[in-house]
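Trainee: Got a minute to go through a model with me? I'd like to start with the helices and then look at some loops.

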Amino acid sequence: EAIVRDLIKKSTASIPAPRKNTVTLSKTIQTALAAYNYGRGNIDRHLQEYGDLKISKLPLETQNYIKKIKSLVEKEKVSLTDAQIQVESSNNPDVISKKGAVGLMQIIPSTAKDPGFTNPNDENYSPVLASLTKQFEGRSNKEITELLKNSELNKKFGIAYRDALTKKYSDKKIIESKIESANLSNNLKSKIESANLSSDLKSKIKSANLSNDLESKIDVDSS
C-alpha cells in the first residue's frame, strides 16, 4: 500500500495546476463604455484634448460606471454584457431613468431613433443597428419607450450600439484620427516604415505630424 500511495503521490505531483483565465477590459472597450455612458460627442472632445482615454478626467458618474463593469468582468468573471446590464439597470427590464433611458441596457429613445452608424457609407456602419432602428421610425418617444421594455430588443440594440462604439474607438481608428494634426519624429517614422501597415494608412501617416506626447504613447499595431 505504501508503494501505491507513493506512486499516486508522484503522479499527481507532476500534473500542472490549472491556469487561471485572466480577463481584462482593453482600453478600446473602456473607451466604448465611456461613450455609451457619457456620449460620443463628449468622448470625441475628450480624446481630442488628451489624446487617449483618461478615466480620471471623466465625470465621476462615468468613472464609476467603467470601474464597476471592469470589476465585474475581471474579478467576478461576469460577461461584458451581463456586467453592463447589472450596472445599467440591476437587471430590471422596466426601469426608466430620470433622463428617460429605458430597460436592461438603458437605451434613450432618441438614441434608438438615431444611433448613428446606420449609413452604409460610414466606415463604422453597423447593419445590425440599421435594421433595429427601422422599427422605431415614425414612432413617438412614448411608443419607443414601450418597445424598449422588451428585454430581447433592448439587449440586441444595446450590444449592437456598444459594438459600433468599440469599432469606432479601436486603437487603429484613434491613431488614424490623430495623424491628421500631429508631428512625426524621425524615430517614429522609422518604426512606421518597418511596421506591417496597410499602404493607405502609411500614406496618411507620411503626410501628417504627431505630437511628442502621442509619440510616446503610440504603439504601432503590426497586425
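## Helix packing and two loop residues

Mentor: Sure. Keep in mind that this is a predicted model. The loop between α5 (80-89) and α6 (109-113) holds Q106, but let's take helices before loops.

Trainee: Fine. At what angle do α2 and α3 pack?

Mentor: About 130°. Helix α2 covers residues 27-38 and helix α3 covers residues 40-50. Their axes are 7 Å apart.

Trainee: What do we call that arrangement of α2 and α3?

Mentor: Oblique. An angle over 145 degrees would count as roughly antiparallel, and 65 to 115 as roughly perpendicular. The angle here is about 130°, so α2 and α3 are oblique to each other.

Trainee: Which residues make the contact?

Mentor: From α2, take T31, A34, A35 and Y38. From α3, take R40, N42, I43 and L47.

Trainee: How do those residues divide by type?

Mentor: The contact of α2 with α3 has 5 nonpolar residues, 2 polar and 1 charged.

Trainee: Okay, loops now. What stands out in the phi of Q106?

Mentor: Its sign. Phi of Q106 is near 50°, which is positive, and Q106 is not a glycine.

Trainee: Is Q106 buried or exposed?

Mentor: Buried. Its relative accessible area is 12%, and the cut-off for buried is under 20%.

Trainee: And F117, where does that lie?

Mentor: In the loop between α6 and α7 (127-133). F117 also has a positive phi, near 65°, in a residue other than glycine.

Trainee: Buried or exposed, for F117?

Mentor: F117 is buried, at 6% relative accessible area.

Note on methods. Residues numbered from 1 in each chain as written. Predicted model: local features only at pLDDT ≥ 70, side-chain atom pairs only at ≥ 80, totals over all residues. Heavy atoms only, no water. Axes fitted to C-alpha atoms, helices over the stretch in contact; angles between N-to-C directions. Helix = DSSP H or I, 4+ residues; strand = E, 2+ residues; numbered from the N terminus. Parallel < 35°, antiparallel > 145°, perpendicular 65-115°, else oblique. Contact = heavy atoms within 4.5 Å. Nonpolar A, V, L, I, M, F, W, Y, C, P; charged D, E, K, R; others polar. Buried < 20%, exposed > 50% of the residue type's maximum accessible area, 1.4 Å probe, protein only.
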